[in-house]
Amino acid sequence: MTVTDLAAPASTRPSPLPRLAVLVAAPRGFCAGVDRAIHIVELAIERYGAPVYVRHEIVHNRYVVETLKAKGAIFVEELDEVPDGVPVVFSAHGVPKAVPAAAEARGLNYLDATCPLVSKVHRQAERLVDAGRHILFIGHAGHPEVVGTFGQVPAGAMTLIETVEDARSIVVPDEVNLGFLTQTTLSVDDTADVVAELQRRFPAIQGPKGDDICYATSNRQAAVKAMAPRCDLVLVIGAANSSNSQRLREVAEREGARAHLIGRAADIDWSWFDGVATVGVTAGASAPEVLVQEVMAALAERYTITSEDITTAVEQVVFKLPRALAQ
Ligand code: SF4
């Protein structure tokens, strides 16, 4: 018997999987602020026992929220849903000043998981108001970070600017005494255009050098910018309510790739892959690496993949825990 005789007839031989090149962006996924916020909830459960209440999704990711729920966290939207005598954690996005004040008034044990880079913007806002400046805040209406930052200053001290058109048309109380600040998770390119328009119209405006967009948002966008021109399709793993994830999808599209935001592998519509030779994969700052690996495994089930990391920065940022949990 020859080797040829042992081989299955050509018609019954499994056909090889089609080839797919996969580019994987780095940095991607968890940033230091998200890592710290999740750690705060886990440590609070360890330290005080379940349940620990969390006001708002600790970070915008369903998988993270469900995992913490399984460990004993209870998520609520408002402080009055928290019973007396149990600890409560404020989310990474930050909260208006009225929230910790209300917690203190009730004698609640609260832990603030606001990202230190968001807290930095809060302090900048206070300083501008103390200096008598009206603040133009560049951000997205309704995002919890924006709500939290507006809640650092008296009502009427800050006006929201969302677009270049807003910057062109805004009427301000006093052109000389103006300041600007930004949300931390915006599009780097769009924000630069808005800031340039504000500086053109109001040369005396004061603000941060450039913007307040955080290192993690900038780095993830830069990696997608480098990766997307080589991709037919980009998958961004992240939640629909995650600002920085939505911006990654937009950056990929601007670089000429089709792009989809997915929560996890089960959300992939395989018809997206028709005619695709190269796919890019990235994840927003609140999406855990386990979901990236789940997507990679799903791709490997259907394709013979060759993967390549597109690394544009190496991050080593770590934020300290609140003092109550650090000991
Ligand atoms: S995305 Fe930036 S601002 Fe938001 S939690 Fe992460 S590091 Fe902090």
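In the predicted model, the buried residues of helix α9 pack against six elements of secondary structure named here: the strands β1 (19–26), β9 (233–237), β11 (278–283) and β12 (304–311), together with the helices α8 (188–201) and α10 (243–254). The buried set of α9 consists of Ala216, Thr217, Asn219, Arg220, Gln221, Ala223, Val224 and Met227. Helix α9 itself comprises 13 residues, 215–227, and spans 18 Å between its first and last C-alpha atoms, close to the 18 Å expected at 1.5 Å a residue.

Helix α9 also takes part in the surroundings of the ligand, since α2, α5 (116–130) and α9 are each the source of at least two residues of the shell. The largest contribution comes from α2, which provides three residues. In total, 15 residues surround the ligand, the closest being Cys31, Gly33, Cys115, Thr184 and Cys214. By residue class, the shell holds ten nonpolar and five polar residues, and no charged ones.

A further site examined was Pro51, located in the loop that links α2 (32–48) to β2 (52–55). Pro51 is classed as partly exposed because 16 C-beta neighbours lie inside 10 Å, a count below the 20 required for a buried residue and above the 12 that marks the limit for an exposed one. Beyond residues up to four places away in sequence, Pro51 is in contact with Gly72, Ala73, Ile74 and Val86. The C-alpha atom of Pro51 is 9.3 Å from that of Val88, a residue 37 positions away along the chain.

Definitions and conventions. Residues are numbered from 1 along each chain as its sequence is written. This is a predicted model: local features need pLDDT of at least 70, side-chain atom pairs count only at pLDDT 80 or more; totals for chains, interfaces and linings use all residues. Helices (H or I, at least four residues) and strands (E, at least two) are DSSP runs, numbered from the N terminus. The expected span of a helix is 1.5 Å times one less than its number of residues. Two residues are in contact if their C-beta atoms, placed from the backbone, lie within 7 Å. A residue is near a molecule or strand if its C-beta atom, placed from the backbone, lies within 6 Å of it. Ala, Val, Leu, Ile, Met, Phe, Trp, Tyr, Cys and Pro count as nonpolar, Asp, Glu, Lys and Arg as charged, and the others, Gly among them, as polar.
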